[in-house]
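Hi,

Here's the structure I said I'd pass on. Have it open in your viewer while you read, and follow along with my notes below.

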Amino acid sequence: LDIFIAPQTNPDGANYSFYDDKNWRKNRAPFDGVDSGVDINRNYPYKWQKSRGADYQTYAGKGPASEPEARALIEIVDRHPNIR
């Protein structure tokens, strides 16, 4: 049995929510020159849907897995096919 734990997959967004905006849920990636971010939970390819603009808290990104945080977790799962 192997256990994989990802305690924090959005460190910049979490830091911002701790100190600046307690309701913040996105990362802090700039979008068109504006520091607006992407909701990582909505950025995964499975059933990805285009969302409203980057100024919304549930912005899913420019495309599926467009964010490095999502791609990093996808890569781990791809390398370890026994993860369920």
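**What I found**

Let's start with Glu-75, which is partly exposed, with a relative accessible area of 44%. Before going further, keep in mind that this is a predicted model. The mean pLDDT of the protein is 90, and 96% of its residues reach 70 or more. Among the elements, α1 has the highest mean pLDDT, 94, while β2 has the lowest, 68.

Back to Glu-75: what does it pair with? Its partner is Arg-79, and the two form a salt bridge in which the closest N and O atoms are 2.9 Å apart. If you're wondering about the basic idea, side chains of opposite charge can pair when their charged atoms come close. Both residues sit in helix α2, and because they are 4 residues apart there, about one helical turn separates them. In general, an α-helix has 3.6 residues a turn, so residues three or four places apart point the same way. Unlike Glu-75, which is partly exposed, Arg-79 counts as exposed, with a relative accessible area of 55%.

How many salt bridges does the structure hold? There are 3, and apart from the helix pair, the thing to look at is a network linking Arg-25, Asp-39 and Arg-42.

Go to Asp-39 next. You'll find it in the loop between β2 (34–35) and α2 (68–79). Is Asp-39 buried or exposed? Its relative accessibility is 0%, so Asp-39 counts as buried. Its side chain has two salt-bridge partners to show you:

- With Arg-25, the closest N and O atoms are 2.8 Å apart. Asp-39 is in the loop between β2 and α2 and Arg-25 in the one between α1 and β1 (30–31), so this pair ties together parts that are 14 residues apart in sequence.
- With Arg-42, the side chains meet in a salt bridge at 2.6 Å, N to O.

The two arginines are not hidden the way Asp-39 is: Arg-25 is partly exposed at 36% relative accessibility, and Arg-42 is partly exposed too, at 38%.

What else does Asp-39 touch, leaving aside neighbours within four places in sequence? The contacts are Arg-25, Lys-26, Gln-57, Thr-58 and Tyr-59. Counting the same way, Arg-25 is in contact with Asn-10, Asp-39, Asn-41, Arg-42 and Gln-57. So Gln-57 turns up in the list for Asp-39 and again in the list for Arg-25.

Arg-25 also leads us to the first helix. Gly-13 is 12 residues away from Arg-25 in sequence, but their C-alpha atoms are 6.5 Å apart in space. Which residues of α1 (residues 11–19) are buried? They are Gly-13, Ala-14 and Ser-17. Look down the axis of α1 and you'll see why they belong together: the buried residues fall within an arc of 100°, so they line one face of the helix. Turn to the face pointing away from that buried side, and you meet the exposed residues Pro-11, Phe-18 and Tyr-19.

If you have time for one picture, make it Asp-39: buried at 0% relative accessibility, and joined with Arg-25 and Arg-42 in a network of salt bridges.

Cheers

Methods: Residues numbered from 1 in each chain as written. Predicted model: local features only at pLDDT ≥ 70, side-chain atom pairs only at ≥ 80, totals over all residues. Heavy atoms only, no water. Helix = DSSP H or I, 4+ residues; strand = E, 2+ residues; numbered from the N terminus. Buried < 20%, exposed > 50% of the residue type's maximum accessible area, 1.4 Å probe, protein only. Contact = heavy atoms within 4.5 Å. Arc of directions from axis to C-beta. Salt bridge = Lys/Arg side-chain N within 4 Å of Asp/Glu carboxyl O. pLDDT = per-residue confidence, 0-100.
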